[in-house]
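Student: I should like to understand how the structural terms applied to a protein model are justified. Could we take them one by one?

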Amino acid sequence: MIHGVYTAALGAAVLAAAPSALYRRVARGVPIRLRQRLGYLPRRVGRPCGWIHAVSVGESITAAPIVEGLRRLEPSLPLVMTTVTETGARVVAERFAGAVDHRFFPLDFPGAVRRAIEAINPRFVVCMETELWPNVLRVLARRGVPVMIANGRVSDRSYPRYRAVRRLLRSVLGDVSVFAMQSDEDARRIVELGAPRGRVFVTGNLKHEAARDEAESAERWRRTLGLDPGSPVWIAGSTHRGEDELVLDAHRRLLDRVPHARLILAPRHPERVPEVAEMARRRGFPVVRRSELPRAHPAGALIVVDTVGELASMYSVGVVAFVGGSLVPAGGHNVLEPALRGKPVLFGPHTENFRESSGLLRASGGGLVVRDGAGLVTTLTRLMTDRDLCAALGAASREAAASREGAARETLELIRRFLLPSVAS
């Protein structure tokens, strides 16, 4: 009954979203991948695999320690990673070439799910963050395939919605073998929603386990981006509509105090790059896209990032970082990527999706809340004109982020205990 109602609602949602998908296909060339969405995936041959599901770019990057750990624990085990988005697929192809095979995640209809699972042939599944697809979980449970929720969280925004349907959610959560949650609060919430208490563990946040950059990463980025050695750089990452204007205006005012400052602006959604570039040009900034570099470009040009999967490493070239989705009510984005590279991290008040991480950085002094555009200008100028203060806050930021390492080790131990015993030798 529950799954029937859910499937009907999903069908209505897919029909409602179809015109938008068709528009993106025609206007922007974004593939629909209809066959794979309906479960007609390339069929694997050979032994059952480990299946890792990562929705998009962030989850794919976060899954890196899991991929590396599984290759150590079971070197001969084939790995498949599914994503929902095209950008996620590109990151998988670039970061895990030769280590995993990629497929697109099916729509959560029973027929599509059965076809996809038969094609992938998993022995276990690791879902990054709190991905709860009722039909997928039900079919996997009936086939005896254990499932882990890894790096699980229940955000402030989603928790009330989940509570409203927790009677229905209880049976869905019962199909999950083990929950590896980011924090005590996330664990409390998932138990409150109906997860069996004995299956819930607190492992920490895998985003504290970001791969370390090469020693010369900052210098390599300076060469790639054509930055002069004496030009201080700040990076505005994962910005949303409504924030870009504030960032550009802040940069204009910063130039009054720091004339040689450079800005690297990375919109959260790559399809917004033309809009953001035009916005910058209207304000009188020369603009160059990341994909056009290295090449000659106007002195002091603003760099708009139009590539996927490079932002985390690119933070190494900055002096200060602002992480977007936080001056508008989008819940924020990954503040740990710049923190682990020793940068003071600025973010707005809307960080519900990264509650624990932003709180950790605030407590250390390395993360600073800016309430609006004026606050961004003031704080940015203070840090860019006081290098000693900037270095001290960057060190505090790095130390705070690194202090919570260990999530990968804990998560892999749960994989070994709950998932790997079922893998045939």
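Tutor: Let us begin with a term for chain crossovers: a crossover is right-handed if, with the strands pointing away from the viewer, the path from the first strand over the helix to the second runs clockwise. The model before us is predicted. In it, β2, helix α5 (residues 86–95) and β3 make a right-handed β-α-β unit.

Student: What joins β2 to strand β3, and how do they run?

Tutor: 4 bridges join β2 to strand β3 (residues 101–104), and the two run parallel. Two strands pair if DSSP finds at least two bridges between them. Within this pair, T83 stands opposite F104 in β3. Strand β1 (residues 49–53) is also joined to β2 by 4 bridges, again in parallel, and there I52 stands opposite M81 in β2.

Student: What makes strand β2 largely enclosed by the rest of the structure?

Tutor: Buried means under 20% relative accessible area. In strand β2 (residues 79–83), 5 of the 5 residues are buried, so the strand is largely enclosed by the rest of the structure. In a regular strand the side chains alternate between the two faces of the sheet. In β2, L79, M81 and T83 point one way and V80 and T82 the other, and all are buried.

Student: How do you know that the buried residues of α12 line one face of the helix?

Tutor: The buried residues are D244, V247, L248, A250, H251, L254 and L255. Seen down the axis of α12, they fall within an arc of 160°, so they line one face. An α-helix has 3.6 residues a turn, so residues three or four places apart point the same way. On the other side of α12, R253, D256 and R257 are exposed. The cover over the buried residues of α12 includes β8 (233–239), β9 (262–267) and α17 (373–385).

Student: Which span is expected for α18, and what is found?

Tutor: The 16 residues of helix α18 (residues 387–402) should span 22 Å at 1.5 Å a residue, and the end C-alpha atoms are 22 Å apart, which agrees. In α18, C390, L393, G394, A396, S397, A400 and A401 are buried. Seen down the axis, these buried residues fall within an arc of 160°, so they line one face of the helix. The face turned away from the buried side carries the exposed residues D388, A391 and E399. Among the elements covering the buried residues of α18 are β12, α16 (355–364) and α17.

Student: Why is the contact between R33 and E86 called a salt bridge?

Tutor: The criterion is a side-chain nitrogen of Lys or Arg within 4 Å of a carboxyl oxygen of Asp or Glu. The side chains of R33 and E86 meet at 2.7 Å, N to O, so the pair satisfies that criterion. This pair links distant parts of the chain, with R33 in the loop between α1 (2–28) and α2 (34–37) and E86 in helix α5, 53 residues apart.

Student: Why is E86 called buried?

Tutor: E86 has 16% relative accessibility and therefore counts as buried, the limit being under 20%. R33, at 35%, counts as partly exposed.

Student: What makes the pair of E310 and R290 a tie between separate parts of the sequence?

Tutor: E310 forms a salt bridge with R290, the closest N and O atoms being 2.8 Å apart. E310 lies in the loop between β11 and α14 (311–314) and R290 in the loop between β10 (287–289) and β11, so the pair ties together parts that are 20 residues apart in sequence. R290 counts as buried, at 11% relative accessibility.

Student: What makes the phi of E129 and that of N151 notable?

Tutor: Most residues other than glycine have a negative phi, and most peptide bonds are trans. Phi of E129 is near 65°, a positive value in a residue other than glycine. N151 likewise has a positive phi, of about 60°, although it is not a glycine. E129 is found in the loop between β4 (122–128) and α7 (134–142), whereas N151 is in strand β5 (residues 147–152). E129 is buried, with a relative accessible area of 7%, and N151 counts as buried at 0%.

Student: Which peptide bond is called cis?

Tutor: The bond from L293 to P294 is cis, with omega near 0°. P294 lies in the loop between β10 and β11.

Definitions and conventions:
Residues numbered from 1 in each chain as written. Predicted model: local features only at pLDDT ≥ 70, side-chain atom pairs only at ≥ 80, totals over all residues. Heavy atoms only, no water. Buried < 20%, exposed > 50% of the residue type's maximum accessible area, 1.4 Å probe, protein only. Arc of directions from axis to C-beta. Contact = heavy atoms within 4.5 Å. Expected span 1.5 Å × (residues − 1).
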